[in-house]
Every structure is written in structure tokens, then in C-alpha cells.
Amino acid sequence: MRSIRTLLTMMLFMVATMLWAQSAYDYIVRDRNFSASNYCLYPDSMEYQQTPPPADKHPFYLSHYGRHGSRYLNSRVGYDTPYKMLCKADSMGQLTALGKQVKQQLQEIINDSEGRWGDLSDIGKQQLRSIASRMMKNYPEIFEGQANVQARSTTVNRCVMSMGTTVQQMAALNPQLKIDMNASKRDSWYLNHQDLQLRDSMKSKNASRIYDAYSKPREENPRLMELLFTHPESLDKSISNKWLNYYLLKTATIQPNTHTEFSTLLFDLFTDEDIYKYWQIENAWWYIQHGGSLLNGGCQPYTQRYLLRKMITEADSCIRQKKPGVQLRFGHETVMLPLACLLGLNGFDFKTANLEELELNGWWAGLIFPMASNIQFVFYRKDSFDNDVVFKVLLNEQEATLPIETDIAPYYHWRDFRRYYLKKLSEYDKIRNSQ
């Protein structure tokens with residue numbers, strides 16, 4: 001039977017989630033960065049409260065998965081799409097004075113990003129240094145003396161750099177650390193698993209049809225055309241209102257992740273309502289791709305079943321050690337999001353076939369995977385002979401909830417966690433193997 005404390009915690013979380021979800025538009029009005037989905041800046045300005053652990057329990061092991069820090073755009077395609085449209089209109093004498101300004105700013109953004117496509121930015125490096133510093137400040141017992149720090153990364157440069165930046169900061173704060181760091185394709189099977197069967201089912205015909213119907217009334221922006229073009233009604237069909245609106249907004253949202261200020265003019269092209277509609281489209285897309293969408297079977301989060309099982313296995317092994325230390329893993333938002341959904345962090349295992357229900361139920365992808373996002377499992381015990389190991393899970397350094405019972409919220413018993421999730425993974429494997 002659930003304790004009163006557990007029920008109260010769940011009720012407070014549900015209320016908080018509802019309040020957050022119902023005010024998505026208000027959050028975007030206050031800070032347009034909230035519309036950026038996977039381009040959101042890490043919430044470094046938030047306060048990170050720590051609930052005291054159960055009596056006589058002390059932190060001894062930390063298991064982590066983190067996304068790379070802020071980066072440049074992956075390729076120039078996202079910039080070229082609107083830039084070429086504006087160039088074509090300019091050659092026809094169809095750009096307004098503002099249109100010419102936007103075209104010039106896009107050229108400056110392209111020049112600034114050339115040769116840095118997908119690279120970790122200075123802002124990203126600072127995010128990771130800050131996260132590393134807070135880890136060591138919050139859990140000094142784990143990092144003291146010659147503590148072990150094992151770090152693994154995918155082979156993508158920005159992830160390797162994120163790992164290196166984090167570990168470098170830790171070493172600067174404690175030069176005695178025993179660091180084991182590696183980035184190898186041999187770890188891709190769990191750090192960046194590509195499940196072809198689930199990937200192919202992401203956009204079923206039914207999912208595509210419903211997503212298109214959801215997105216269509218939110219895509220067009222005639223007012224933007226009037227701002228940029230002198231005679232928008234006479235433009236070539238290759239200058240698409242839908243894609244110009246989308247890519248200019250996408251460009252605006254990623255710019256705060258670099259040291260440029262180019263997003264200012266671009267964001268000023270749009271109203272709060274324009275940006276809110278863009279967020280709705282992006283949020284629904286991420287839900288179908290990686291959430292528990294019933295439009296494609298509700299199984300997309302299981303793409304990260306190997307990672308979760310690996311984390312459980314490694315935790316079991318580390319718990320048996322006297323001083324295990326820290327395990328860090330670095331990868332991508334396409335792992336971070338489904339992993340959080342598979343765990344059911346803060347109710348993100350929500351399943352529906354109705355995209356209109358996402359916002360009201362607090363399913364906001366940007367809360368999970370901003371740049372430098374991370375999940376941390378922090379383990380506690382009395383001593384190395386303590387069989388009742390407990391832990392708490394942090395999502396972006398905030399204490400998070402799991403869909404399992406506990407009498408020590410926000411802490412959980414490790415035995416309950418592994419029983420619940422190993423059963424969940426095994427049940428999926430049985431269904432998968434029977435198909």
C-alpha cells in the first residue's frame with residue numbers, strides 16, 4: 001500500500017505538470033527559447049534543490065547519460081533553404097528592405113558557421129563544465145580522493161568533446177581522480193543503438209496522415225510573406241511560405257547556442273502566436289518519433305532498451321564494489337528523449353493517439369532534451385555491507401519521479417527499480433521475438 005507521503009508527492013507532481021502544460025504559451029511569451037525543442041539552451045539558471053537522503057545513507061555511486069552541449073547547426077541545408085528563397089526573390093526585385101536585412105543576416109550566419117557544422121560551441125563547453133562542477137559539489141563523497149571516473153562517448157565529435165570537457169573539469173577540481181575515457185564504435189550498440197524495425201515504423205501512414213492534419217493549420221504564415229516580399233502573390237511556387245516560415249524559425253532558435261546574436265532580428269519577424277504554433281508542430285513530431293505515440297504502436301522508447309539494460313547491469317556490478325565512483329555516458333537527443341520516455345520520468349511515458357492531448361498532459365519534449373541534457377542516478381547506502389541500496393534520479397539536475405512505488409520519495413529502492421524495469425524489458429523482448 002502506498003504511503004501518504006508517496007501519494008502526496010504524486011499529487012503535487014500531477015498538479016505541477018498540469019500547471020506547466022496549460023501555460024506553455026505563457027512560458028514562450030516570457031522566454032522564446034522555450035519554443036526551441038532540441039535546440040533549447042540548458043536551464044543553468046534554475047535552482048537545483050536536494051532532498052536529504054534517508055537516515056544514515058550516503059552517496060557512493062553516480063550513473064549518468066548526457067547529451068552533448070550546445071552546438072552549431074549540423075549542416076548548412078537548414079540555412080540554405082530560406083537563404084536561397086530570399087536570393088531568388090532578390091534577383092526578381094521582390095525583397096522589401098526588411099527582406100534584404102534578413103538575407104544579409106542569413107549570409108552572416110552561414111559565414112560564421114562554415115567549417116563548424118555540428119561542432120560543440122563555447123556555450124556548450126561552459127554548460128558541461130558547470131554540470132561537472134555541480135556534480136562534484138553536490139556529491140563530494142563520490143568524487144573524493146582517487147575516485148574512479150569511467151567516461152564513454154559515441155564517436156561523433158561534439159559528443160567526444162563534451163566528454164572531454166566534462167572530465168577535464170573534474171580533473172581540474174580533483175587531480176587525483178582515476179579517469180578511464182574512451183570513444184569507440186564498439187560501444188555504439190548501447191550508446192547509440194539504431195533499431196531499424198522501430199525506426200521504420202516511426203512514421204506509419206496513419207501517423208503521417210494525422211500529423212499532417214495537425215500541422216497544416218499551423219504551418220502557413222502569410223504575414224511573414226508580407227514583411228519580406230513586395231508582391232508575395234506573384235512569387236514563384238518554389239518560394240514556399242511553409243518552409244520559409246519553418247526554417248527561419250528553426251534558424252532563430254539555434255542561434256542562442258553560439259556566441260552570435262543573430263537570432264534577435266529573426267525572432268522579431270514572428271509573433272508569439274507564430275512561435276507557439278511552431279513549438280506545437282515540433283513537439284508533436286518528437287512525440288511521434290520517440291515518444292509513446294499510439295499512432296505507430298507506442299513502442300518507440302524501446303529503441304533504448306539496450307542502454308537501460310546496460311545501465312542496470314553496470315550498476316549491479318558497481319554496487320558490489322567498495323568505492324565504484326562515477327560512470328559517464330555521452331550521446332544524442334535521439335537517445336536522451338526515448339530513454340526518458342522508457343523510464344517514464346515525470347510522466348513522459350504518456351501514451352495517446354491524439355496529438356491535441358500532449359500539451360494538456362505536460363508532454364513537452366524541450367523539458368527533457370535541451371542541449372547538455374542529462375539523466376543522473378545517484379546511489380546511496382550506509383556502508384559497503386548495506387543491502388538496501390537506494391537512489392534518486394535527476395532529469396537535468398532536478399529530482400524526478402518514476403512510475404514505481406516508494407516509501408522514501410524522491411528516493412527509490414534499487415531492488416524495486418531493477419525488478420520493475422527488467423520485467424518491462426523482458427515483456428517487450430517476448431512480444432518482439434514472437435512477431
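R152 sits in strand β2 of this predicted model. Is R152 buried or exposed? R152 counts as buried, at 13% relative accessibility. Its C-alpha atom is 45 Å from that of L224, and the two residues are 72 positions apart along the chain.

## Strands around β2

Strand β2 covers residues 148–153 and pairs with strand β3, residues 178–183. The pairing is parallel and runs over six bridges. Within it, S153 has A183 of β3 as its bridge partner. Which helix carries the chain from β2 to β3? Helix α7, residues 157–173, makes the connection. This β-α-β crossover is right-handed.

Strand β2 also pairs with strand β4, residues 325–331. Here five bridges join the strands, which again run parallel. A151 takes L328 of β4 as its bridge partner. Strand β2 therefore has parallel bridges to β3 and to β4.

## Salt bridges

The whole structure holds 28 salt bridges. Among them are the three pairs tabulated here, with the distance between the closest N and O atoms.

| Pair | Closest N and O atoms |
|---|---|
| D272 and R32 | 2.8 Å |
| K250 and E282 | 3.0 Å |
| K392 and E399 | 3.1 Å |

Take the salt bridge of D272 with R32. D272 belongs to helix α14, residues 272–290, while R32 lies in the loop between α2 (24–30) and β1 (58–67). The two residues are 240 apart in sequence, so their contact ties together remote parts of the chain. D272 counts as partly exposed, at 22% relative accessibility.

The salt bridge of K250 with E282 also involves α14. K250 is in helix α12, residues 241–254, and E282 is in helix α14. The pair links distant parts of the chain, 32 residues apart. How accessible is K250? K250 has 16% relative accessibility and counts as buried. E282 counts as buried too, at 4%.

The salt bridge of K392 with E399 brings together a buried and a partly exposed residue. K392 is buried, with a relative accessible area of 1%. E399 is partly exposed, with a relative accessible area of 24%. Elsewhere, salt bridges with shared partners join K57, D386, D388 and R415 into one network.

## The second largest pocket

The K250 and E282 pair leads on to a pocket. What is the volume of the second largest pocket? The volume is about 620 Å³. Its lining has 31 residues. Nearest its centre lie W243, Y246, Y247, K250 and E282. K250 and E282 are thus salt-bridge partners and residues of the lining.

Several helices build the lining. α3 (77–91), α10 (205–219), α12, α14 and α16 (333–343) each give at least two residues. Which helix supplies the largest share? α12 does, with eight residues.

## Helix α16

Helix α16 is one of the contributors to that lining. In α16, 10 of the 11 residues are buried, so this helix is largely enclosed by the rest of the structure. The buried residues are E333, V335, M336, L337, P338, L339, A340, C341, L342 and L343. Just after the helix, G344 takes a positive phi of about 75°.

## Cysteines

How many disulfides are there? The count is zero. C40 shows why: its sulfur is 15 Å from the closest cysteine sulfur, that of C341, which is too far for a bond. A disulfide needs two cysteine sulfur atoms within 2.5 Å. C40 is buried, with a relative accessible area of 4%.

C341, one of the buried residues of α16, is in no disulfide either. The nearest cysteine sulfur to that of C341 belongs to C299, 13 Å away. C341 has a relative accessible area of 3%.

Terms used
Residues are numbered from 1 along each chain as its sequence is written. This is a predicted model: local features need pLDDT of at least 70, side-chain atom pairs count only at pLDDT 80 or more; totals for chains, interfaces and linings use all residues. Side-chain values use heavy atoms; hydrogens and water are left out. Two strands pair if DSSP finds at least two bridges between them. Helices (H or I, at least four residues) and strands (E, at least two) are DSSP runs, numbered from the N terminus. A crossover is right-handed if, with the strands pointing away from the viewer, the path from the first strand over the helix to the second runs clockwise. A salt bridge is a side-chain nitrogen of Lys or Arg within 4 Å of a carboxyl oxygen of Asp or Glu. Buried means under 20% relative accessible area, exposed over 50%, partly exposed in between (1.4 Å probe, protein chains only). On a 1 Å grid over the protein atoms alone, a cavity is a set of points where a 1.4 Å probe fits but cannot get out, and a pocket is an open set with protein on both sides within 12 Å along at least five of seven lines; lining residues have an atom within 4 Å of a point. Grid points are joined across faces, edges and corners, and a volume is the space filled by probe spheres set on the points.
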